[in-house]
Amino acid sequence: MSFLDTLFGKKKEGSVLGVDIGSSSLKVVQLRKEKGQAILETYGELSLGPYGDGEIGQATNLPAEQITASLKDLLREAKATTTSCGVSIPFARALLTLVSLPYRADPKEQKTVIELEARKYIPVPMSEVQLDWFIVPPAEQAQFGAESAPNAAREGKADVLLVAVHNDVLTTLQSVVSGAGLAATFYEIEIFSTIRAVVDEPIKPVMVIDIGAASTKMYVIERGIVALSHSISTGSQDITRAIAISGNVSIAAAEELKKKEGLGDGGALGSPELVFSRIFSEVRRVLMQYETAHKKSITSIIFTGGGGITKELGAYAKRIFSIDVHVADPFKKTEAPAFMRPVLEEIGPEFAVAVGLALRKLDEV
Ligand SMILES: Nc1ncnc2c1ncn2[C@@H]1O[C@H](COP(=O)(O)OP(=O)(O)OP(=O)(O)O)[C@@H](O)[C@H]1O
Ligand SMILES: [Mg+2]
């Protein structure tokens, strides 16, 4: 780095990485800030399956050293030029609970109250977890339906979203990150990264559905706050498996077929539809649970995750739910050459977490 580079603004220090460690693949997105815009510098994905004994698109359970090795490979392939990053924590490894706790005007006192009360809700010793929380602002609390919303400050109560992550989870992630030569300034539960990348609706409740390989996560977001979160262990890998069985083909061939046909005509022997109907019946249950408790409707659904790329998913879901359905386009929040747009739009759902992490990291620069 020469003095002139710095003088003429060619320096690369402004670049940041979002690193998403998913069960089936790693995703990285590198952004740089220029005139207040997030410029997309590079991105990349690497399937973890082949690092174990698995296939592309299938979830893995690899030891930390192997994830480290694959992350190094991905950074090299994607030609990442910075080590400065934010990293995702899987939703499955975190505990989120919305609770009503005594309200204190003084933030220090509030912290003490939360730390004391959290013991009742978190089933492991507090010394074993990292605890975080979000206090639902009283204005938002007043918006909640009668049941869920204690009369907030008036009754001396505050709605608080408690978030706990086991120390072991963080220790493993830290070893992967430092092993790959990266420097992380934060670890964020994927749900919050996703919201940053794909939710723009400021007031009305929306549902985000992240269809990963091993699981489908569904979140109801209201005024930017997580009002409900739920996960089921059915994901896009189950579609591949169903196609493999019904068509008597290999997992690799079934994966290709799934990507080629999706829910379109022919629909890979009807298997995608069968798995989606399982996912959607759970989505419907969660939607109704929220709508009944809060006495308001969810106005739209946003799909993310690799399963969100499934062909014809938007049209199919629209027919089933008859509400607004969008497939997420997180790269929309970044600046990229016009010729890349069609590709970015297509792969976008899978990169929602990585984009969200990079956007947060960019705020630190
Ligand atoms: N074009 C496509 N059509 C259908 N499915 C796809 C497509 N591209 C990727 N997938 C599927 O998406 C899944 C991977 O999604 P994603 O990368 O979001 O999962 P992950 O983050 O690794 O998993 P998880 O979130 O469960 O930990 C795989 O099962 C893959 O087969
Ligand atoms: Mg994922």
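Is L75 buried or exposed, given its C-beta neighbours inside 10 Å? In this predicted model, L75 has 25 such neighbours and therefore counts as buried, since 20 or more are required for that class. The residue is found in helix 2, and, when its neighbours within four places in sequence are left aside, L75 is in contact with V28, A80 and A180. A further relation links L75 to L182, for the two residues are 107 residues apart in sequence and yet 9.7 Å apart in space, C-alpha to C-alpha.

V28, one of the contacts of L75, also belongs to the largest nonpolar core, which has 91 residues and in which V28, M207, V208 and A358 touch the most other members. Helix 12 provides the largest share of this core, namely eight residues. For A358, the contacts that remain once neighbours within four places in sequence are left aside are V16, L17, G18, V29, Q30 and L31.

Helix 12, which spans residues 352–364, also meets helix 6, residues 190–198, and the axes of these two helices come within 7 Å and cross at roughly 85°. Because angles of 65 to 115 degrees count as roughly perpendicular, helix 6 is described as roughly perpendicular to helix 12. On the side of helix 6 the contact involves E190, S193, T194, R196, A197 and V198, and on the side of helix 12 it involves A352, V353, V355, G356, L357, L359 and R360. By class, the residues of this contact divide into seven nonpolar, three polar and three charged.

The surroundings of ligand 1 comprise 24 residues, of which G22, S23, G57, G212 and G306 come nearest. This shell is made up of 16 polar, four nonpolar and four charged residues. Helix 7 (236–247) and helix 8 (251–261) each supply at least two residues of the shell. Helix 8 is also the place of A252, a residue that is partly exposed because 15 other C-beta atoms lie within 10 Å, a count between the limits of 12 for exposed and 20 for buried residues. Between A252 and R241 the separation is 11 residues in sequence and 9.7 Å in space, C-alpha to C-alpha.

Two loop residues call for attention on account of their backbone angles. Most residues other than glycine have a negative phi. K79, although not a glycine, has a positive phi of about 55°, and this residue lies in the loop between helix 2 (64–77) and strand 4 (84–89). With 10 other C-beta atoms within 10 Å, K79 is exposed, because 12 or fewer suffice for that class. S322, likewise a residue other than glycine, has a positive phi near 40° and is found in the loop between helix 10 (313–321) and strand 13 (324–327). S322 also counts as exposed, with 8 C-beta neighbours inside 10 Å.

A158, finally, lies in strand 7, which covers residues 157–166. With 23 other C-beta atoms within 10 Å, A158 is buried. A158 and S271 are 113 residues apart in sequence, and their C-alpha atoms are 46 Å apart in space.

Technical notes:
Residues are numbered from 1 along each chain as its sequence is written. Chains are lettered from A and ligands numbered from 1 in the order in which they are written. This is a predicted model: local features need pLDDT of at least 70, side-chain atom pairs count only at pLDDT 80 or more; totals for chains, interfaces and linings use all residues. A residue is near a molecule or strand if its C-beta atom, placed from the backbone, lies within 6 Å of it. Helices (H or I, at least four residues) and strands (E, at least two) are DSSP runs, numbered from the N terminus. Ala, Val, Leu, Ile, Met, Phe, Trp, Tyr, Cys and Pro count as nonpolar, Asp, Glu, Lys and Arg as charged, and the others, Gly among them, as polar. Axes are lines fitted to C-alpha atoms, for helices over the stretch in contact, and angles run from 0 to 180 degrees between N-to-C directions. Angles under 35 degrees count as roughly parallel, over 145 as roughly antiparallel, 65 to 115 as roughly perpendicular and the rest as oblique. Two residues are in contact if their C-beta atoms, placed from the backbone, lie within 7 Å. A nonpolar core is a set of buried Ala, Val, Leu, Ile, Met, Phe, Trp, Tyr and Cys residues joined through C-beta atoms within 7 Å.
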